[in-house]
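I opened the notebook on this chain with a short list of things to look up, going from the overall fold to the surface and then to the pocket.

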Amino acid sequence: MALIGFPLDVFIAVALIDLLYQFWVHTEQIGKLGWFDRVFVSPSNHRVHHAVNDMYLDKNFGGILVIWDRLFGTFIEERDHVDIVYGTRKPLRSWNPLWANLEVYEQVWRDAWNTRRWRDKLQIWLRPPGWRPADLMAQSAPSTFDIHRPAYDPSMSKATAWYCVAQFILLLEAATHFLLVYKNISALNATIYVSWLVMGLWCIGGLMERGRIYLLPETVRILCILIMNLFTASWFYSFALSTPAQALLTATCLISLGGLWLIFSRQKTHGHLPH
């Protein structure tokens, strides 16, 4: 959205108004709030939104106001006697942010490819989530959802967690910087900058799964910054780096590389997830 021209003011406004409001409703520590629950999205209302219980599916979509759900028939009040189970009906089982955004389209694409009728090949992209053509439904075996299935929680060492947290914070800072400067750099440099940011998030997700296959791309990502720092003395050609800034960036890259390989050299080999 930033690349096609949405101004930074829009991002700031949305973050302040919507995202900050959304922060406080994601909790189990606040109970029902009386009249407030009937007008606004509250922790009680939003817990329902994240539930996979049959009675709570596809309910309470609102971000700030819950009156829209009441108007369109998608509201349901949290029941005191029902234990909420959070998640999705088809668990992602991955920390990969790219796969998290693409996996649902992979399944839709497969169904569109395999169904026989051209009408179904087109309408599957427009139908509600979970809809499948009749011929594919007839071929698939009926399955029941296990609401007590184990959560996806791969083991991760404290050192790995600290490394991923540190790199994620650095990437957040870089992403904020990108939003501030992308209009002032060339389209090529902006594309390279975005690619580097996305690659970083992809690598962090993989490292959290203890996937050694991500060691190489994470190493390449850090080396790209080190090489750019040493040979161009700039940050993606958006501004020139001073000598102290160059020294700090070089030290950060070397510490990251050393920590990365030290952490994973002590871990047993783990393969890549099926996707």
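Secondary structure came up before anything else, and I counted eleven helices and zero strands in the chain, in what I note here is a predicted model. Reading along the sequence, I wrote the pattern down as α-α-α-α-α-α-α-α-α-α-α.

I then looked up the extent of the chain, and I found that its C-alpha atoms fill a box of roughly 60 × 45 × 40 Å when taken along the principal axes. For burial, I noted that 35% of the 275 residues are buried. Turning to contacts with a separation of 6 or more, I recorded that residues 24 or more positions apart account for 59% of them.

On the surface, I entered an accessible area of about 17,800 Å² for the chain, with 67% of that area belonging to carbon and sulfur atoms. I also checked the charges, and the mean position of the 24 positive ones lies 6 Å apart from the mean position of the 21 negative ones.

My last entry concerns the largest pocket, for which I looked up a volume of about 1,400 Å³. I listed 36 residues in its lining, and those closest to the centre of the pocket are Arg89, Lys90, Val104, Pro129 and Gly130. Which elements give two or more residues to this lining? I found α3 (43-49) and α5 (97-114), and I added that α5 gives the most, with six residues.

Note on methods:
Residues are numbered from 1 along each chain as its sequence is written. This is a predicted model: local features need pLDDT of at least 70, side-chain atom pairs count only at pLDDT 80 or more; totals for chains, interfaces and linings use all residues. Side-chain values use heavy atoms; hydrogens and water are left out. Helices (H or I, at least four residues) and strands (E, at least two) are DSSP runs, numbered from the N terminus. Buried means under 20% relative accessible area, exposed over 50%, partly exposed in between (1.4 Å probe, protein chains only). Contact means heavy atoms within 4.5 Å. Accessible areas come from the Shrake-Rupley method with a 1.4 Å probe; for residues, only the protein chains shown count as cover. Lys and Arg count as positive and Asp and Glu as negative; His and the chain ends are not counted. The place of a charge is taken as NZ of Lys, CZ of Arg, CG of Asp or CD of Glu. On a 1 Å grid over the protein atoms alone, a cavity is a set of points where a 1.4 Å probe fits but cannot get out, and a pocket is an open set with protein on both sides within 12 Å along at least five of seven lines; lining residues have an atom within 4 Å of a point. Grid points are joined across faces, edges and corners, and a volume is the space filled by probe spheres set on the points.
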